[in-house]
Amino acid sequence: MKSTEEILALIHAALPAANVELVLNPSPCAQHSLRVAPADAFAVASFLRESDELALDYCSNVTGVDWPDKEITEKVKVTQLVDGEEKIVEETIKRIEPGYLESVYHLYSIKRAHEAIAGPVVLRMRTINRTDQVQLPSLTFVWRAAEFQEREVFDLFGIVFTGHPDLRRILMWDEFEDHPMRRDYVDPDDYEYEPTPHDEVLKRAEQQSKPTGVTA
Amino acid sequence: MAVEDKLKIELGKQGVFVTTVNEIYNWGRKNSVWPLQFGLACCAIEMIATTMARYDLARFGAEVFRPSPRQADLMIISGTITKKMAPQVVRLYNQMAEPRYVIAMGACAISGGPFKQGYNVLKGIDRYIPVDVHIPGCPPRPEALIHAFMTLQAKIDAQPLTGTERPRHLDAAAMSEFPVPTQGAHDLEPPANRLVWPLPAPVASGENCG
């Protein structure tokens with residue numbers, strides 16, 4: 001098994017124009033991944049599958065990650081005119097880093113399975129935002145196994161896979177509108193009874209048991 | 001009026017068999033309850049085991065699992081009811097002929113079980129259809145299902161054929177069709193049938209005395 005860096009070097013050698021970068025995982029498992037630009041995804045995926053050296057012919061898992069909008073507070077030193085004098089003043093600036101959705105593919109090789117496998121090769125793609133520009137290219141034509149799992153990611157995260165042969169909801173019903181695995185999903189308030197309510201459930205039970213017409 | 005038990009035994013010793021229409025009617029019903037052949041999740045495996053030779057549900061006259069709701073008397077809700085599946089379960093129940101009974105088998109069927117706080121699981125089938133016997137367990141053992149079955153038999157046996165306590169099939173005014181929930185944009189609509197699942201008593205709390 002090649003390290004992620006070696007795989008990246010192979011991709012760069014074969015497809016010099018492809019926009020692929022290494023995403024380091026700082027945790028002890030050090031499971032680094034490759035982030036590919038959606039425009040180059042098909043070429044890179046085909047190369048990973050077809051190249052003799054890698055032959056990543058088995059897509060074991062497709063999943064999604066939701067990265068919500070992040071509010072970042074920064075302290076910036078700014079020169080300002082105070083009483084006709086230039087002074088360096090520290091200012092706190094709050095900015096919102098827009099969130100995005102990610103699709104994650106775990107790849108293995110069956111053809112070269114005799115080589116020691118340290119783990120899957122992780123391929124990632126990012127959408128532009130979380131609301132309207134959530135299209136990513138479907139890799140179903142490279143790995144047939146991705147079909148149902150891309151449907152699942154579409155269902156639960158709301159990533160639209162362009163070029164997917166049959167993009168419908170797979171777990172929830174067709175009329176369902178939400179994407180339950182997103183961080184900002186609010187699940188339906190249908191707890192009505194809990195024998196021993198506590199914490200969050202107690203709060204919800206109290207809210208529900210308030211007589212209608214009375215607002216706190 | 002029913003004959004006293006002691007007198008019945010005495011008459012039996014003399015070779016005279018005494019009964020009532022009510023008794024013989026219920027005796028026939030309780031010993032040929034045909035369950036509907038359908039399983040929802042892992043509890044179904046225990047249900048299947050119950051019907052096999054080791055536990056042998058056939059001893060109770062319930063060996064004929066019917067693949068059609070039209071021929072079934074008993075619905076064993078064996079497993080998790082997802083919100084995607086709930087309308088179909090209610091529809092199957094509606095298609096069963098009266099008299100019909102429901103056993104909610106396992107934690108999921110009675111309350112949502114370990115998936116209670118999930119967005120996709122119905123928190124108990126008794127939100128939409130009346131349940132006769134609940135079995136706790138995850139999953140309940142076959143013995144528990146047999147016990148539930150015997151409880152149901154006792155319940156059938158005790159039903160009077162007249163009066164307010166009579167079974168639904170002898171009561172023209174009783175609710176016979178239960179509304180099938182529709183799958184809405186966020187949840188099942190309605191989230192519960194208030195006629196079978198009234199709102200529970202308010203939660204006792206210090207801050208909520210108004």
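What do the buried residues of H2(A) pack against? Before getting there, keep in mind that this is a predicted model, and take a quick look at chain A as a whole.

Chain A has four helices and nine strands. Read from the N terminus, they come in the order α-β-β-α-β-β-β-β-β-β-α-β-α. The C-alpha trace covers about 70 × 65 × 35 Å along its principal axes. Chain A has a radius of gyration of 24 Å, whereas a compact globule of 216 residues would come in near 17 Å. Of the 216 residues in chain A, 24% are buried. If you look at contacts between residues at least 6 apart in sequence, 58% of them link residues at least 24 apart.

Now for that helix. H2 of chain A covers residues 41-50, and its buried residues are A:Ala41, A:Val44, A:Ala45 and A:Leu48. Look down the axis of H2(A) and you'll find these buried residues within an arc of 100 degrees, so they line one face of the helix. As for the opening question, the buried residues of H2(A) pack against one helix, H1 (4-14), and against a set of strands: S1 (20-23), S2 (33-36), S6 (100-108), S7 (121-126) and S8 (135-137), all of chain A.

Over in chain B, helix H4 (residues 86-95) is a good next stop. Here the buried residues include B:Ala86, B:Val89, B:Val90 and B:Tyr93. Around the axis they take up an arc of only 95 degrees, which places them on the same side of H4(B). And what do the buried residues of H4(B) pack against? Their partners are two strands of chain B, S1 (74-78) and S5 (188-189).

Chain B also has a pair of helices to follow by eye: H2 (residues 21-30) and H6 (residues 142-157). Their axes come within 8 Å and cross at roughly 155 degrees. An angle over 145 degrees counts as roughly antiparallel, and H2(B) and H6(B) are therefore roughly antiparallel to each other. The crossing of H2(B) past H6(B) is right-handed. Which residues make the contact? From H2(B) it's B:Asn26, B:Arg29 and B:Lys30, and from H6(B) it's B:Gln153, B:Ile156 and B:Asp157.

Note on methods
Residues numbered from 1 in each chain as written. Chains lettered and ligands numbered in written order. Predicted model: local features only at pLDDT ≥ 70, side-chain atom pairs only at ≥ 80, totals over all residues. Buried ≥ 20, exposed ≤ 12 C-beta atoms within 10 Å, placed from the backbone. Arc of directions from axis to C-beta. Contact = placed C-beta atoms within 7 Å. Rg over C-alpha atoms; globule rule 2.2 N^0.38 Å. Axes fitted to C-alpha atoms, helices over the stretch in contact; angles between N-to-C directions. Parallel < 35°, antiparallel > 145°, perpendicular 65-115°, else oblique. Left-handed = near helix turned anticlockwise from the far one by under 90°.
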